[in-house]
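Student: I should like to work through this structure by question and answer. Could we begin once it is displayed?

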Amino acid sequence: MTAHPDRHAGSAVTEITSREPIFPDLREAWRHRQLAVMLAQRNLKVRYKQTILGSAWIVLQPLLLTGMLTLVLGAVLSVPSGGLPYALFAFTGTALWTAFNRVVTDTGISLASSSNVILKVYFPRVLVPAAALLTAVVDFLPVYAMLILATLAYGRFPGWPILLSPAFVFLALVMAFAVGLWVTMLDAIYRDMRLIVPSILQLVFFVSPVMYAETAVPARWQMLYHLNPLVGLLEGFRWSFVAGSPPPGFISIVWCVGLSIAMLLAGLSVFARLERFAVDRI
Amino acid sequence: MTEYAIEADALGKRYLLGEDASRTRVRQAMQALLPRWRSAELQDLWALRNASFAVESGEAVGIIGRNGAGKSTLLKLLSRITVPTEGRARVRGRVGTLLEVGTGFHPELTGRDNIYLSGTILGMTYREVATKFDEIVAFSEIEKFIDTPVKRYSSGMYVRLAFAVAAFLDPEILIVDEVLAVGDASFQRKSLGRLNDAARREGRTVLFVSHNLQAIRTFCRRVLVLDHGSLVFDGPVDEGIERYMRAVPGLIDLHKSGLKDRLNRTSGVVRFTAITALDQTGRATWRFQSGDTVRLRFSYEVLEPVRDLGFLLMLRAAMDGQQITTIREPLSERPQAVGQTGTFELVLPNIPLRPCEVSIYAALGYVDCRAFYDVIDANVDLPLLVIGSDTIDTYARQGLVSLEYRVQPVQPAAQVQA
């Protein structure tokens, strides 16, 4: 009885059921990728509103941490830095660490902090943590530029290995994203998560070679120590950035890559399973 | 043959009520240790159960029911915001969901940024927003402030911009919840007009939840009536509204109804506890004939001491929010003690309203009504006063009020000299 052509002709059919997916619909998410970009843009635009230094904080945070470490550990305590200038050693470490830390934290609270939108309209939920990841990638670019300047300033430009450095950043962010997916799901259900996570991250900070060289760890603990994927990543990242740092062990790189992929798949799967449950709880 | 746009098959949604389920065990342990430890009982609530229906493409379907009947749950299930506990549904085509005005708006961002952000969140592509950008701005009438952060907007500007974004969505299925309850009368007219276009001229499939029965009547031919999570009626609009009205209780108990909503707006130190509409004979009803005497009986309770008490009643045409009349009445010049309760009746003799639906807005406040303690309206589920008429006068449905008038013959001699 309507005079209009059927608007729905040929439209895709969406099945709404109580079935639990075991993996997020990544094709659907990809179709909506612009939304992740928009959300990331929003994060970037909003974050430093009403601060004086604005986006300079992105570089200032790792620089401040580097400054403190250099002063206390490098100058006063003479902590080993694997033969590199301590400031450069610490800067490479804190740069990667800050990015890792931020991705875990931001993706971790992303779902709960977007609850106002999530409860009002549907879109592939995985785009919310994805936007947090994207934000962190953009955040890393100026830090990256600063790192290159620093290696040049110290006359430690590594040459070709620098081409591999993005791969290490990528691995670190993927791993952080995977952890963040777990956190965001658990956080939506138990708000305790956001209180525990900073402490856990602090622990990880201490058992990773951010402020001391891995050679400081006694030989009998080295195996165990290298189970922490950040150890291999930081080694690799330093090697790709600073001439004179030792290359990472092959096994530890394989371990990092394998673990990143496994954690990402597991994280996405957990996200897909719990997403619907979490939405009712936030 | 028209295919279905929406097919719902025994849809059901269960929510866990009460506090955090994750705390149940802790609570149980605490209760065992300390008998006086009080906690909310944890229970299931079927917000919706066994809802089956089908909507043809191009159909506009209204959904009515009292607060908590499951209307919003149904919309959330069909728009995939939440997932059913049981049953299934098939939805064919792109769905646009408008459950609130300004989804995704960020106060720190400018109007321009928010148009892009909200548009993308609501399902448009960046390119679509860019193409429609000028139209959206024009529709919102806030050109001058487009590069101002929306936190500096007046609430009217905010609502206009937010609605403008939504108005340019291009979904095959539009799911709309009570968004039109915000804004002033002219905004409501505009947004209803837009919705009407979407349903009638553009042939979109529309699911529309509203307390505005007149609006539902205007652009839906079919209505679903929900009651306590069940679909109790599916059919022609007039019959459905009739059924819904019949189910409205004569006495509205306001102890719990919409308390959160009320406390958001006002202090709640004095609260309405009940409202009833009575006819001349004292029978509770919300339906009257033009010319009937309408008695509105209000009960209230004082929860914190106040120095005086006043009452305000506003009657509005449900269709477009136009004010019919406002009544302000002091109840007491003297301080009111905690625990004091009262009941009063407002009598409107021979109500001169033409057939229409009247929404009630009632408030308790200072004796001079400068500030309010409690406000109740459709948001807390107050029913509408339905005014009908037996007269065969076709003009009786035009206009809101019948003024008293008479026609008198004028003798030629009495004519005014030119």
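Student: Which residues of α3(B) are buried?

Tutor: Helix α3 of chain B spans residues 111–121, and 10 of its 11 residues are buried. Here a residue is buried if 20 or more other C-beta atoms lie within 10 Å of its own, exposed if 12 or fewer and partly exposed in between, with C-beta atoms placed from the backbone; helices (H or I, at least four residues) and strands (E, at least two) are DSSP runs numbered from the N terminus. The model is predicted, so local features need pLDDT of at least 70 and side-chain atom pairs count only at pLDDT 80 or more, whereas totals for chains, interfaces and linings use all residues. The buried residues of α3(B) are B:G111, B:D113, B:N114, B:I115, B:Y116, B:L117, B:S118, B:G119, B:T120 and B:I121.

Student: How are residues, chains and ligands labelled?

Tutor: Residues are numbered from 1 along each chain as its sequence is written, while chains are lettered from A and ligands numbered from 1 in the order in which they are written.

Student: What covers the buried residues of α3(B)?

Tutor: Both chains take part in the cover. It includes, from chain B, α4 (126–140) and α5 (155–167), and, from chain A, α2 and α5 (115–118).

Student: Which element gives the most to the side of chain A that touches chain B?

Tutor: In total, 30 residues of chain A are in contact with 42 residues of chain B, contact being C-beta atoms, placed from the backbone, within 7 Å. At least two residues of that side of chain A come from each of β1 (13–16), α2 (33–47) and α11 (250–281). With 6 residues, the element that gives the most is α2(A).

Student: Which residue of β4(B) stands opposite A:T14?

Tutor: β1(A) pairs with strand β4 of chain B (residues 86–92) in the antiparallel sense over 4 bridges; strands pair if DSSP finds at least two bridges between them. Opposite A:T14 stands B:V91.

Student: Is A:V37 buried, exposed or partly exposed?

Tutor: A:V37 lies in helix α2 of chain A. Because A:V37 has 15 C-beta neighbours inside 10 Å, it counts as partly exposed.

Student: Which residues of β7(B) are buried on each side?

Tutor: Strand β7 of chain B comprises residues 205–209, and 5 of its 5 residues are buried. In a regular strand the side chains alternate between the two faces of the sheet. On one side the buried residues are B:T205, B:L207 and B:V209, and on the other B:V206 and B:F208.

Student: In β7(B), what is the bridge partner of B:I175?

Tutor: β7(B) runs parallel to strand β3 of chain B (residues 60–64), joined by 4 bridges, and B:G62 has B:F208 as its partner there. Strand β6 of chain B (residues 173–177) is also parallel to β7(B), with 5 bridges. The bridge partner of B:I175 is B:L207.

Student: Why does the largest nonpolar core lie between the two domains of chain B?

Tutor: A nonpolar core is a set of buried Ala, Val, Leu, Ile, Met, Phe, Trp, Tyr and Cys residues joined through C-beta atoms within 7 Å. Of the 180 residues in the largest one, A:V103, A:A172, B:F208 and B:L385 touch the most other members. This core lies between the domains, whose bounds come from an automatic or database domain assignment, because residues are given to it by both domain 1 (4–247) and domain 2 (251–397) of chain B.

Definitions and conventions
Two residues are in contact if their C-beta atoms, placed from the backbone, lie within 7 Å.
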